[in-house]
Structure formats: C-alpha cells, structure tokens
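Here's a quick briefing to read alongside the model. Have the sequence and the 3D view open as you go through the bullets.

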Amino acid sequence: MTKAEAAKALERFADGYNTAYRESDPAALAGVETGPLQAMNQPGVRAQRVNRPDGFPGYPDLKLTDAAYTIPKQAGWPKFFLADADSNRDENRWLLLFTRGGADEPWKAAYLSILSEDEVPEFKTDKDGWAEPVTPGAGPDLAVKPGELSTAYTDYLRTGEGETFAEGQATSGQREIRKKLQRTPQFWTEYVDQPAKPPQYAPVALRTADGGALAFFAAHHAEKRTMAEGFRVGEIKDGTAKALVTGKPRTWLSLSRISESAVRIPAQGPVEFLNRLEGVTSAKGG
C-alpha cells in the first residue's frame with residue numbers, strides 16, 4: 001500500500017460520492033462506500049431518488065484536498081488506511097477510513113468523521129513511517145478494547161451506568177434528550193440500542209503517539225413514538241424518514257438509525273467522543 005494508491009482511492013471516493021448525489025444513484029454510492037458509512041448514507045440517496053428522480057444537476061461537488069494518509073503495516077486481509085483531508089464543505093477535516101477485503105476488491109470508505117484540525121491526533125509510526133493498527137480484541141494497555149466499544153456504548157445509553165465514556169453530547173447529552181422525550185403530554189417514546197457487529201460493522205483503531213488509540217465504531221438505535229389519545233403523528237420532519245416511511249403513521253412512528261463515531265481511547269480514564277454521525281435507515285408507521 002502506497003500513498004499514491006491511497007490518493008487514488010480518495011479521488012475515486014469523491015467521484016462516486018458526487019455522482020451518487022448528482023444523479024440520485026444509490027449504486028454509485030455503493031461502489032465507494034461500505035459498512036457503517038454506506039448504511040448511514042444509502043437511505044439518504046434512496047430518499048433523494050424519491051424526491052428527485054431525475055437527479056440533482058446543481059449538486060455542489062465535494063472536493064477533498066490537502067490530504068494526509070496514515071497507513072498501518074498489515075499482513076493479510078482485510079486492510080485499512082486513514083485519509084485526513086480538507087473539504088470544501090467547511091473549515092473542518094474529513095477523516096475517511098478506507099477498507100479493502102482482498103486484492104481483487106476496490107478500496108471503500110467505511111467510516112467518516114469530521115474533526116477540527118486541532119482534534120486530529122498524532123499517530124504512532126515506526127522508522128519507515130508505518131502506523132500501528134490495534135486489532136478489535138487487543139489493547140490490554142488501553143482503557144477499553146476497540147471491539148468492546150459498541151456494546152459498552154449501547155449499554156450506557158440504555159442504563160446510564162458505568163464510567164467508560166466521558167460526559168458530552170454523544171453520551172450524557174443523548175440521555176438528557178431522551179429523558180425529555182420519553183414521556184410528554186402528547187406522546188411517549190421507547191428506545192432500543194444494539195451493538196453493531198462484525199464483519200459488516202467491524203471497529204477499526206490506530207495507535208496514537210500518546211500511547212492511546214483513535215478508534216472508529218458503529219451502533220444501532222431504534223425508537224418508537226406512540227401518540228397519546230387524541231393526538232396524531234403529524235408531519236415527519238426528517239427528510240429521509242419522510243421519503244422512505246412505510247405504512248401510514250397515525251398513532252405511532254418507528255425509526256431505525258445507525259451511528260458511527262470516532263473516539264479517543266486513553267491508556268487510563270474515560271473514552272472521549274471526537275465525532276458522532278447518525279442517520280435514519282428505515283421508518284415505519286401505523
């Protein structure tokens with residue numbers, strides 16, 4: 001794996017991404033995305049196909065420039081590398097984690113995290129510039145093994161117990177939002193969280209220079225909102241859910257989502273969320 005090959009993979013991703021949104025073409029997106037990122041973005045393109053069957057010719061192309069590549073030394077398959085690029089969407093950096101299952105398969109982006117330049121960690125590298133991967137079950141010197149993140153996170157969202165994660169928008173903030181929506185005069189909401197499992201949703205981690213690791217993982221989330229007597233669901237505000245909903249939401253609406261996150265795992269202490277993205281994957285009403 002070379003940086004030149006990584007650059008071609010990043011360019012191919014941008015081309016496929018732009019084609020997908022310009023032409024409302026889910027197949028184009030499937031050609032350059034996989035895993036959690038595809039699961040999160042594919043429903044949005046399908047919804048766009050419903051709303052814009054002829055495409056979106058004026059779609060502003062995504063441009064990724066000033067890219068840096070972190071390539072771990074790996075034997076066998078699957079392999080991965082991290083691209084850290086400037087995007088024309090805002091002033092942040094786009095971190096795209098690419099994976100490849102075999103020599104006859106293309107590189108596809110499995111995770112995306114959007115970080116400020118100051119949030120991008122320094123990675124541990126050897127004298128030849130190779131980064132160090134952390135396998136899901138490894139990392140005895142880390143506060144949490146990468147393979148345990150999804151289960152730990154969904155357990156926390158369900159119970160609020162434990163000290164695995166630092167407080168913040170993705171953790172205590174999520175529980176505060178849910179608490180406010182759990183029961184109101186108009187409706188009540190039930191939540192179900194489940195870990196996202198390999199091989200489709202395999203976590204990926206890289207050792208950082210401070211002895212910790214930057215890890216990417218996914219999780220599944222579902223909610224069902226049931227209206228109180230005399231109330232109706234009303235207009236669905238989420239565009240993807242509105243385009244893809246099945247059934248006729250009158251007294252209840254159920255949404256399934258997937259989240260994908262980038263976290264900093266220290267040697268000791270709580271895991272810190274750097275970025276969390278979430279998208280609707282399906283919707284049903286009745």
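**Hairpin, helix and salt bridges**

Five residues sit between β2 and β3, and the two strands form a hairpin with those 5 residues between them. Keep in mind that this is a predicted model. The bullets below start from that hairpin, move out to the sheet, then turn to helix α3 and the salt bridges.

**The sheet**

- The hairpin strands β2 and β3 are joined by 8 bridges and pair in the antiparallel sense.
- One place to look is Ala 83, which stands opposite Leu 96 in β3.
- On to the whole sheet: it's an open one of 4 strands, ordered β1-β2-β3-β4, with antiparallel pairing.
- At the edges you'll find β1 (64-70) and β4 (108-115), each of which pairs on one side only.
- Ignoring direction, neighbouring strands of this sheet are turned against each other by 25° on average.
- How many bridges join β1 to β2? There are 5, with β1 and β2 (residues 79-87) running antiparallel.
- Two pairs show how β1 and β2 line up: Ala 68 stands opposite Asp 84 in β2, and Thr 70 has Leu 82 as its bridge partner in β2.
- β2 is largely enclosed by the rest of the structure, because 8 of its 9 residues are buried.

**Helix α3**

- α3 packs on the sheet, where it touches β3 (93-100) and β4, and its direction makes about 80° with that of β4.
- The helix covers residues 35-51, and at 1.5 Å a residue its 17 residues should span 24 Å; the end C-alpha atoms are 25 Å apart, so the two agree.
- Where does α3 bend? The bend is at Asn 41 and comes to about 25°, with a proline, Pro 43, following within four residues.
- Both Asn 41 and Pro 43 are among the buried residues of α3. Others on that list include Leu 37, Met 40, Val 45 and Ala 47.
- A general point for reading such a list: an α-helix has 3.6 residues a turn, so residues three or four places apart point the same way.

**Salt bridges**

- The count for the model comes to 15 salt bridges.
- One of them pairs the side chains of Asp 61 and Arg 22, at 2.9 Å from N to O.
- Asp 61 lies in the loop between α3 and β1, while Arg 22 is in helix α1 (residues 3-23), so this pair ties together parts that are 39 residues apart in sequence.
- Are these two partners buried or exposed? Asp 61 is partly exposed at a relative accessible area of 34%, and Arg 22 is partly exposed too, at 27%.

**A salt-bridge network**

- Lys 124 and Glu 132 meet through their side chains in a salt bridge of 3.1 Å, N to O.
- Glu 132 also forms a salt bridge with Arg 207, where the closest N and O atoms are 3.7 Å apart.
- That second pair links distant parts of the chain: Glu 132 is in the loop between β4 and α4 (149-159), Arg 207 is in strand β6 (residues 204-207), and they're 75 residues apart.
- Which residues belong to the network? Lys 124, Glu 132, Asp 141 and Arg 207 are joined into one by salt bridges that share partners.
- Arg 207 counts as buried at 10% relative accessibility, whereas Lys 124 is partly exposed at 41% and Glu 132 is partly exposed at 29%.

Terms used: Residues numbered from 1 in each chain as written. Predicted model: local features only at pLDDT ≥ 70, side-chain atom pairs only at ≥ 80, totals over all residues. Heavy atoms only, no water. Expected span 1.5 Å × (residues − 1). Bend = angle between axes of the 7 residues up to and from the residue. Buried < 20%, exposed > 50% of the residue type's maximum accessible area, 1.4 Å probe, protein only. Pairing = 2+ DSSP bridges. Axes fitted to C-alpha atoms, helices over the stretch in contact; angles between N-to-C directions. Contact = heavy atoms within 4.5 Å. Salt bridge = Lys/Arg side-chain N within 4 Å of Asp/Glu carboxyl O.
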